[in-house]
Each structure stands twice: as C-alpha cells, then as structure tokens.
Amino acid sequence: MIEIERKFLVNSNRYRAEASSVTAITQGYLNSDPERSVRIRLTDQTGFITVKGKSNESGLSRFEWEKKLSKTDAEALLKLCEKTIISKTRYKVEIGKHTFEVDEFLGANKGLVVAEVELDSEDEQFPKPDWLGEEVTGTTKYYNSNLSSTPFCNWK
C-alpha cells in the first residue's frame, strides 16, 4: 500500500512510438487536501476510487489504496468532485522491467506532459529514456490533485 514513484517532465513525443498501450482517463477529486486525497478515475469501462496519503519528505513515497468501481458509479461520483475535472491520455511505455506512464493532459492542463515510473525502493536504479526531461518528484504543483485546483493554463 506504499507507492514509490518518480515524476519527470517530458521533452519530446518520441514515447508515443514506444507505447504498448494508450488510454483515455477522466478523473476528479472528492477531496484534494494535502494530507489525504480521494480521487475518482474513469478509464474506458472501468472506474476506480483511490485514497492517497501525504508524501514523505522526498516526495518519493506515500500511502495509496485503490478499489475498482463500476462505470456507472464512477460517472455518478465524478459529478460530486471538486471544480476542475482532469482529462488526459496515458501512454504506457515498457523499458526493461519498468513501466513509464506518460500523461498528456487535455483541457485546462493542455500542454503539460509528465512521466511517472513506479519503483520497488526509493534508491532503485532505472533506465532513463532520452525523452525524459527534468525531474519534478515532490514538486506539489505537478500533483494531479493540485492540477485540479490550479490548472496548468493558470501558471503563466
């Protein structure tokens, strides 16, 4: 139940050619408090509810709990979410034993592209593809819960 991941900006769209899958995602937050967030996500025909705790000091790990929901339940809960619903396209890229999830944001967050990789330990080494840019692990403005309240289009 502890998630360990690193997050990076992406400097080109070369990951698209390497992707093993592409998924449309819609998500919103019932609660985006920094101490705990509650997210509703809808992908194709499946919904999820996810509770995340506060990140540790390095921003690398935090508590995460997730359960599947029906599409109908997820759609109903999305209507109760805080203001900005996040839409994005997720590309999964397998590199060695690691999977990079590259999110191209749409709507109010259009223009933002980030990649995350989940790890087994905070000091685990992993290959870094050439399309991986600046690391933003622990930079809270890149948390999806914050993109919901302060979208990328308002950063400039």
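In the predicted model, the side chain of Lys 7 reaches the backbone oxygen of Tyr 142 at 3.0 Å. Lys 7 belongs to strand β1. Its relative accessibility is 7%, so Lys 7 counts as buried, the cut-off being under 20%. Contacts of Lys 7 beyond four places in sequence include Val 114, Ala 115 and Glu 116. Glu 134, Glu 135, Val 136 and Thr 137 are also touched by Lys 7. Tyr 142, Tyr 143 and Asn 144 complete the list.

A second buried polar residue is found in strand β2. Ser 32 is placed in this strand. With a relative accessible area of 17%, Ser 32 falls under the 20% limit and is therefore buried. The side chains of Ser 32 and Glu 82 make a polar contact at 2.5 Å. Neighbours within four places aside, Ser 32 is in contact with Ser 37, Glu 82 and Ser 145.

Strand β2 spans residues 19–33. It pairs with β6 in the antiparallel sense, over 8 bridges. In this pairing, Ala 19 stands opposite Val 93 of β6. Strand β2 is also joined to β3, residues 36–43, by 8 bridges. These two strands run antiparallel as well. Asn 31 has Val 38 of β3 as its bridge partner. A hairpin of 2 residues links β2 to β3.

The largest nonpolar core holds 15 residues. Tyr 15, Val 93, Phe 100, Val 102 and Trp 131 touch the most other members. Four elements give two or more residues to this core: β1 (2–10), β6 (86–95), β7 (98–105) and β8 (113–118). Apart from this core lies another, of 10 residues. Tyr 29, Ile 86, Val 114 and Val 136 are among its members. Two of these, Val 114 and Val 136, are also contacts of Lys 7.

The contacts of Trp 131 were examined further, leaving out residues up to four places away in sequence. Trp 131 touches Tyr 15, Val 93, Phe 100 and Val 102, each of them listed with Trp 131 as touching the most other core members. Leu 9, Val 10, Ile 95 and Ala 115 are further contacts of Trp 131. Asn 11, Ser 12, Arg 14 and Glu 18 are touched by Trp 131 too. Ala 115 is thus listed for both Trp 131 and Lys 7. Val 93, a contact of Trp 131, is the β6 residue opposite Ala 19.

Terms used. Residues are numbered from 1 along each chain as its sequence is written. This is a predicted model: local features need pLDDT of at least 70, side-chain atom pairs count only at pLDDT 80 or more; totals for chains, interfaces and linings use all residues. Side-chain values use heavy atoms; hydrogens and water are left out. A nonpolar core is a set of buried Ala, Val, Leu, Ile, Met, Phe, Trp, Tyr and Cys residues joined through side-chain atoms within 4.5 Å. Buried means under 20% relative accessible area, exposed over 50%, partly exposed in between (1.4 Å probe, protein chains only). Contact means heavy atoms within 4.5 Å. Two strands pair if DSSP finds at least two bridges between them. A polar contact is a pair of N or O atoms within 3.5 Å; within protein, one must be able to donate a hydrogen and the other to accept it, and residues adjacent in sequence count only if both atoms are side-chain atoms.
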